[in-house]
Amino acid sequence: MANPKNVQTLSTLKQSLNEIETFYVVDYQGLSAGQLSKLRQDIREKGGQLIVAKNTLIDRALQEGGRDFADTLKGPSALVLAQSDPAGVAKALADAAKGNDRGIPSVKGGFLEGNKVDVSVVNRLASLGSKETLQAELVGVLSAHLSNFVGILEAYRTKLEEDGAGA
């Protein structure tokens with residue numbers, strides 16, 4: 001008969017992965033309890049969740065969702081779920097890795113909006129910045145273009161008024 005704790009963990013994993021479109025598989029071995037706690041907090045602030053479980057349970061939960069990560073789940077692994085801000089969660093992982101001399105946690109792979117991705121994609125995503133930062137940049141670019149457009153319309157209106165007054 002299956003271990004009740006494993007059955008409960010598997011059920012929790014399945015439930016957590018139910019509506020998740022983006023997650024990362026990371027190696028966390030070598031982090032102290034304090035570092036792991038800080039990492040959990042940083043990820044939570046970005047709208048994510050860090051789940052540590054046995055590889056076999058993670059693999060089974062992912063397999064039932066149609067996601068094959070058996071090749072990635074070697075050695076100690078944890079899942080980092082990104083509910084609302086995939087780039088922000090990836091940046092939190094990258095910042096934590098830069099914060100120690102061993103580069104831990106190290107990303108092993110990921111699943112980004114329905115597609116399996118490798119480490120380089122996750123690293124590029126981490127370099128983008130948070131969702132709020134990207135939205136602010138977009139608003140800035142759009143407002144600059146709108147301001148230019150309004151200036152052109154004003155100049156054209158002035159020209160039409162001058163042409164109408166001169167006729």
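1. In this predicted model, the C-alpha centres of domain 1 and domain 2 lie 43 Å apart. The domain assignment places residues 4-128 in domain 1 and residues 129-166 in domain 2, and the contact between the two parts involves 9 residues of domain 1 and 5 residues of domain 2.

2. The size of an interface is often given as the accessible area lost when the parts come together. For domain 1 and domain 2 that area is about 430 Å², with 48% of it on carbon and sulfur atoms. On the domain 1 side, Ser-84, Asp-85 and Leu-128 supply 72% of the area buried against domain 2, which is more than any other three residues supply.

3. As to specific pairings across this interface, the rule finds 0 salt bridges between domain 1 and domain 2, and the count of residue pairs in polar contact, with both residues at pLDDT 80 or more, is likewise 0. Helix 4 (86-98) and helix 5 (119-128) each supply at least two residues of the side of domain 1 that touches domain 2, and helix 5 gives the largest share of that side, 4 residues. Sorted by class, the side of domain 1 that touches domain 2 consists of 4 nonpolar, 3 polar and 2 charged residues.

4. Although no salt bridge is found across the domain interface, a search of the whole structure finds 7. One of them joins the side chains of Glu-64 and Lys-14, at 2.8 Å from N to O. This pair links distant parts of the chain, since Glu-64 belongs to helix 3 and Lys-14 to helix 1 (residues 4-17), with their positions 50 residues apart in sequence. Lys-14 has a relative accessibility of 34% and therefore counts as partly exposed.

5. A salt bridge is also formed by Lys-116 with Asp-71, whose closest N and O atoms are 3.1 Å apart. Here too the pair links distant parts of the chain: Lys-116 is in strand 5 (residues 115-117), Asp-71 is in the loop between helix 3 and strand 3, and the two are 45 residues apart. Lys-116 is partly exposed, with a relative accessible area of 43%, whereas Asp-71, at 54% relative accessibility, counts as exposed.

6. Is Thr-72, in the loop between helix 3 (55-64) and strand 3 (78-82), buried or exposed? Its relative accessible area is 11%, so Thr-72 is classed as buried, the cut-off for that class being under 20%. Leaving aside residues up to four places away in sequence, Thr-72 touches Val-25, Ser-77, Lys-108, Gly-109 and Lys-116. Lys-116 is thus a contact of Thr-72 as well as the salt-bridge partner of Asp-71.

7. In domain 2, which the assignment gives as residues 129-166, the side chains of Glu-154 and Arg-157 meet in a salt bridge with an N to O distance of 2.9 Å. Both residues lie in helix 6 (residues 131-166), where they are 3 residues apart, about one turn of the helix. Glu-154 is partly exposed at a relative accessible area of 38%, and Arg-157 is partly exposed at 40%. The pairing extends to a further residue, in that Glu-154, Arg-157 and Glu-161 are linked in a network of salt bridges.

Terms used
Residues numbered from 1 in each chain as written. Predicted model: local features only at pLDDT ≥ 70, side-chain atom pairs only at ≥ 80, totals over all residues. Heavy atoms only, no water. Domains from an automatic or database assignment. Contact = heavy atoms within 4.5 Å. Buried area = accessible area lost by both parts, 1.4 Å probe. Salt bridge = Lys/Arg side-chain N within 4 Å of Asp/Glu carboxyl O. Polar contact = N/O pair within 3.5 Å; in protein donor to acceptor, adjacent residues only side chain to side chain. Nonpolar A, V, L, I, M, F, W, Y, C, P; charged D, E, K, R; others polar. Buried < 20%, exposed > 50% of the residue type's maximum accessible area, 1.4 Å probe, protein only.
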